[in-house]
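Visitor: I am new to this model. Please choose one part of it and take me through that part closely.

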Amino acid sequence: RLNTKHKKPSPPARGGPENIQITTEGDYVIYIDGLPFKAIQNTLGELNKGEALDAIPDNIDPSPPTRWGKGYKGPLRESFPLPDEYALDAAETPLDQISVKTLTACFTALINSKPHPCLGAWAKRLHITQEQWKIIASR
């Protein structure tokens with residue numbers, strides 16, 4: 001289930017958005033102590049300091065860069081979906097923090113909508129409500 005109201009914040013990205021800009025060509029500029037450096041992006045989108053720039057580039061995109069996980073994904077105007085706008089599961093996990101475990105649980109819930117019969121039998125023996133079973137099963 002896609003949820004648009006979640007409370008979990010995305011993890012902080014290296015440098016923070018106030019220290020990062022993106023050019024219209026898609027190159028990142030990172031500012032350290034007010035000085036511009038070319039940012040080198042790894043395969044996860046994380047930015048590392050590259051060579052120093054003589055001046056601030058003229059072609060800075062007015063749209064701020066979008067964080068995705070611990071990295072960056074491009075200008076805000078070209079980024080959809082935004083990780084902090086949508087969540088996939090009832091635990092309200094943002095899109096940039098979804099794990100294989102979360103995906104498996106969501107897809108399994110779609111396929112197996114009925115609770116397993118053993119839950120009823122154990123509920124009677126242990127005096128556990130269905131809500132308590134949901135909490136136990138979510139761990």
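Guide: Start with confidence, since this is a predicted model. Among the elements of the chain, β3 has the highest mean pLDDT, 90. Helix α3 (residues 130-137) has the lowest, 77. Here pLDDT is the predictor's confidence in each residue, on a scale from 0 to 100. Elements are DSSP runs numbered from the N terminus: helices are H or I runs of at least four residues, strands are E runs of at least two. Over the whole chain the mean pLDDT is 77, and 83% of the residues reach 70 or more. One stretch falls short: residues 8-15 stay under 50. The model still gives that stretch 26 contacts beyond four places in sequence. A contact means heavy atoms within 4.5 Å.

Two ground rules. Residues are numbered from 1 along each chain as its sequence is written, and side-chain values use heavy atoms, with hydrogens and water left out. Local features need pLDDT of at least 70 and side-chain atom pairs count only at pLDDT 80 or more, while totals for chains, interfaces and linings use all residues.

Now the setting. The chain holds 3 helices and 6 strands. From the N terminus on, the order is β-β-β-β-β-β-α-α-α. Of its 139 residues, 32% are buried. Buried means under 20% relative accessible area, exposed over 50%, and partly exposed in between, with a 1.4 Å probe and protein chains only. Among contacts with a separation of 6 or more, 47% join residues 24 or more positions apart.

The part to look at is the sheet that holds β3. This open sheet has 4 strands in the order β1-β2-β3-β4, with antiparallel pairing. Two strands pair if DSSP finds at least two bridges between them. Its edge strands are β1 and β4 (47-52), and each pairs on one side only. Neighbouring strands are turned by 40° against each other on average, direction ignored. Axes for such angles are lines fitted to C-alpha atoms, for helices over the stretch in contact, and angles run from 0 to 180 degrees between N-to-C directions.

Walk across from β1. It joins antiparallel β2 through 3 bridges. Gln21 stands opposite Val29 in β2. β1 and β2 form a hairpin with 5 residues between the strands, where Gly26 takes a positive phi near 95°.

Next comes β2 to β3. This antiparallel pair is joined by 5 bridges. Val29, already seen facing Gln21, stands opposite Lys38 in β3. Ile30 stands opposite Phe37. Ile32 has Leu35 as its bridge partner. The hairpin here leaves 2 residues between the strands. Asp33 lies in the loop between β2 and β3. Asp33 has a positive phi of about 55°, although it is not a glycine. Asp33 is also exposed, with a relative accessible area of 77%.

β2 itself is another matter. 4 of its 5 residues are buried, so β2 is largely enclosed by the rest of the structure.

The last step is β3 to β4. They run antiparallel and share 4 bridges. Gln41 stands opposite Leu47 in β4. Their hairpin has 5 residues between the strands, and Gly45 in the turn has a positive phi of about 90°.

What do these strands help to build? The largest nonpolar core has 8 residues: Ile20, Ile22, Tyr28, Ile30, Phe37, Ala39, Leu47 and Tyr72. Two or more of them come from each of β1 (20-22), β2 (28-32) and β3 (35-41). A nonpolar core is a set of buried Ala, Val, Leu, Ile, Met, Phe, Trp, Tyr and Cys residues joined through side-chain atoms within 4.5 Å. Two of the pairing residues above, Ile30 and Phe37, face each other across β2 and β3 and belong to this core.

Pause at one member, Ile22. Leaving aside neighbours within four places in sequence, Ile22 is in contact with Asp27 and Tyr28. Its other contacts are Asn59, Ile60, Asp61, Ser63, Pro65, Gly74 and Pro75.

For contrast, step outside the sheet to His127, in the loop between α2 (117-126) and α3. His127 has a positive phi near 60° and is not a glycine. His127 is exposed, with a relative accessible area of 69%.
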